Amino acid sequence: MFVVVSDVWLDSVEVMQKIHVMFSGYAAMPPTCFIFCGNFSSAPYGKTQIKSLKESLRALADAICAYPSIHASSRFVFVPGPEDPGPSTILPRPPLADHITEEFRQRVPFSVFTTNPCRIQYCSQEIVIIREDLVNKMCRNCVRLPNNNLDIPNHFVKTILSQGHLTPLPLYVSPVFWSYDYTLRVYPVPDVIIFADKYDPFSITNTDCLCINPGSFPRSGFTFKVYYPSNRTVEDRWDACSLKFHFFSSNSKGYKENGFTSGSRPHINGVLPLKFAEKQTSRKGFMAEMEEDIGVLAPAGEDDDESDRDEEDREFDWIAAVDEEEDEEEEDEEEEDDQPMDIEASESFELDTPAERSGHIAVVDRNYMYVWGGYKNAQNHGFFDLYLPRNEIWAYNMETGVWTKHITEGNLHTSMSGSCGVCVDGVLYLFGGHHARGNTNRIYRLPLRAPNLVWEEMRNLKGLPPSCKDKLGCWVQRNRLIFFGGYGYAAQGLHRGTFEFDESSSFVWDSPGRGWNNHIHILDLETSTWSQPITKGNTPSPRAAHVCAMVGNRGYVFGGRYKNYRLNDLYYIDMDTWEWHEMSVPQQGPVGRSWHSFTPVSPDHIFLFGGFTTDRQALSDAWLYCVSKNEWKPFKHSHTERPRLWHTACSGPDGEVFVFGGCANNLLSNHIAAHSSELLVFNVQPKSLVRFCMEAALQHRERLASSWDYLPKHLLHSLQQRMGQVNTLGS
């Protein structure tokens, strides 16, 4: 059950007395969640408001801790009111400041101070909460008043749902921060909307949307509402002093009525219909902004068959109305860290090429590029994002230019975006990523040369693993996977390196928060052991949505997002001495960026393409970095009208770079993301003599075909494959 209370005046002695009575009544069967809406002070404003609010929250924490069952089992959501401390009365409002709530959050860890409005995804239900005195504003500004005051709630609800907006009023009446106006939209219609308004309480269902107003707790005789998600019913509560009688007489069946015993809590499957992407901003872009930081949410129900390890996954995921920093860099991640609908993407017809996507991985084995994961726009609702199927991997033959789809098996637990993928000796290793319940630190292997492609989770690894995160980078050296940076949860245990908490990130109930890190973790594939090196030198700042490239014994890092900045710094670490070195980047060199690619193309050159700037511009520029000279040179190409961010780039056998997918516009804007399925080819190095000969043989195939049988078998096979593609293209 969800207990909803509005105008929780924590500085009022009478209100605190009623809350104590409420807690005592619910102590035997704690609710799933208490939703407390502001205002949290009866006398707002004034020099002592913040100090008084801190003391009031301390008193509330004392009250909660006095009931251990509630403290351990119930969640607490705090939605700020129009007169609570904050920048202004404009919507959406940010959460209460961290310095006000820090002590409370430490004492009551299952608490979330969220934005106004906010969205909760509970199992399959989306619950929208807004604390604003809207009814009186809409009555004062309506064209025609209802004939009967009893009709006002019905007219109010119908207007909100018909307009598809929580505040369908002129901006001078109800100002809105225009960049986040999409957070106030209620189309598609959610399952429940809680209007925490000082108007009289009501519960109305319209177009399958249950609209609830608990009324003002102190002004309406201490009334509040109780919502039961299992059967979507609402009960009125009044006078908290009689709560014990009401609770045990009319609702003594408690959880059993909902299919749960009193000793258990319902499992909460947190799946968001949005993604928090570079940092999960729009119903689409809100996800995006946190993906650089936070990442994309995944399909619900995919984890139904998981083992007991799934208890480590988060029970709730939240959509906050203001997630600006990317959280990500949602990136930010990071969470460069805004997330997709609760189903995997499926095509109504079979495609012979991969669907458009961003946030995927791509690796090369022999002459094939393999693409897995990521997300795309929903077909019918472009502002929703869908993960690509977890059991689908595409192979691109870089000789013939042909795509082939493979269906995988195994225990890969969910679809993801922002994962880190590398290939070692024909085996794809997949670490981390973001899915419906948040970040993960699981690692999987997929042998690409086996007759059947079967995912296998690597368990029973020794040592201290990395924290749960996405949008990290990786180097490969001597059968070791070396991971760096990323955006995700704070590390548990002693990890070498720095974790920088993202104060604007959305909270998950039992999560210590998300942020950026600069940790290095090594997985030795021979000993199946995690370790951390002791590094020297000038260490890069924490970051996510950066890129890593390996040249010789040097692991290079360029760019990425850290807080509100997208960087253009360049570092390398010597894998023999574990010493960091910072390389100068000229002012005329590449601008700061995240979600770009950085691909070694020779023993002395690395190819940089695309990305996303601090000004939120998608980039199409390309650069060649010379390792021996520490020199950047612009690279001219024919794809300047095709910007890309959060794409992948792989080096081909003949000096090409294959860029696949990614987004062609501002992923964090209110516009539909322009995810791409296009393959861009950059000829970075001169073609080899073998390649020139192949092309000449194909060009003059009618004259030379009779002599092909004299060629070595591997060259003959390659020519025949290319020949088949030429015939296909010409038909």
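Author: In this predicted model, two residues are said to be in contact when heavy atoms of theirs lie within 4.5 Å. By that rule M16, I19, H20 and F23 of helix α1 meet A59, L60, A63 and I64 of helix α2, and the residues of this contact divide into 7 nonpolar, 1 polar and no charged.

Reader: What makes α1 roughly parallel to α2?

Author: The axes of helix α1, residues 13–26, and helix α2, residues 49–65, come within 10 Å and cross at roughly 20°. Angles under 35 degrees count as roughly parallel, and the crossing of roughly 20° therefore makes α1 roughly parallel to α2. The crossing in which α1 passes α2 is right-handed.

Reader: Why are α2 and α4 called roughly parallel to each other?

Author: Helix α4 covers residues 98–107, and the axes of α2 and α4 come within 9 Å and cross at roughly 10°. Set against the limit of 35 degrees, that angle puts the pair in the roughly parallel class, and therefore α2 and α4 are described in this way. Among the residues that make the contact are I50, L53, K54 and R58 of α2, together with H99, E103, F104 and R107 of α4. By class, the contact of α2 with α4 has 9 nonpolar, 2 polar and 5 charged residues.

Reader: How many disulfides does a search of the whole structure find, and how do you know that C33 is too far from C118 for a bond?

Author: The search of the whole structure finds 0 disulfides. A pair of cysteine sulfur atoms counts as a disulfide when they are within 2.5 Å, whereas the sulfur of C33 is 9.3 Å from its closest cysteine sulfur, that of C118, and so is too far away for a bond. C650 is likewise in no disulfide, since the nearest cysteine sulfur, in C423, is 9.9 Å away. C33 is buried, with a relative accessible area of 0%, and C650 also counts as buried, at 5% relative accessibility.

Reader: Why is M138 called buried?

Author: The term buried is used under 20% relative accessible area, and M138, at 11%, is therefore buried. M138 is placed in helix α5, residues 134–140, and, leaving aside its neighbours within four places in sequence, is in contact with F156, T159, I160, P168 and L169. The C-alpha atoms of M138 and T167, which are 29 residues apart along the chain, are separated by 8.8 Å.

Reader: Which word, buried or partly exposed, applies to C123, and which to W578?

Author: Partly exposed applies to residues between the limits of 20% and 50%, so C123, with a relative accessible area of 29%, is partly exposed. W578, with a relative accessible area of 12%, is buried. C123 is in the loop between β5 and β6 and has a phi near 50°, a positive value in a residue other than glycine. W578, in the loop between β37 and β38, has a positive phi of about 60° although it is not a glycine.

Reader: Where does P92 lie, and what is the peptide bond from L91 to P92?

Author: P92 lies in the loop between β3 and α4, and the peptide bond from L91 to P92 is cis, with omega near -5°. A cis peptide bond also joins N116 and P117, where omega is about 5°, and P117 lies in the loop between β4 and β5.

Definitions and conventions
Residues are numbered from 1 along each chain as its sequence is written. This is a predicted model: local features need pLDDT of at least 70, side-chain atom pairs count only at pLDDT 80 or more; totals for chains, interfaces and linings use all residues. Side-chain values use heavy atoms; hydrogens and water are left out. Axes are lines fitted to C-alpha atoms, for helices over the stretch in contact, and angles run from 0 to 180 degrees between N-to-C directions. Helices (H or I, at least four residues) and strands (E, at least two) are DSSP runs, numbered from the N terminus. Angles under 35 degrees count as roughly parallel, over 145 as roughly antiparallel, 65 to 115 as roughly perpendicular and the rest as oblique. A crossing is left-handed if the near helix is turned anticlockwise from the far one by less than a right angle, and right-handed if clockwise. Ala, Val, Leu, Ile, Met, Phe, Trp, Tyr, Cys and Pro count as nonpolar, Asp, Glu, Lys and Arg as charged, and the others, Gly among them, as polar. Buried means under 20% relative accessible area, exposed over 50%, partly exposed in between (1.4 Å probe, protein chains only).
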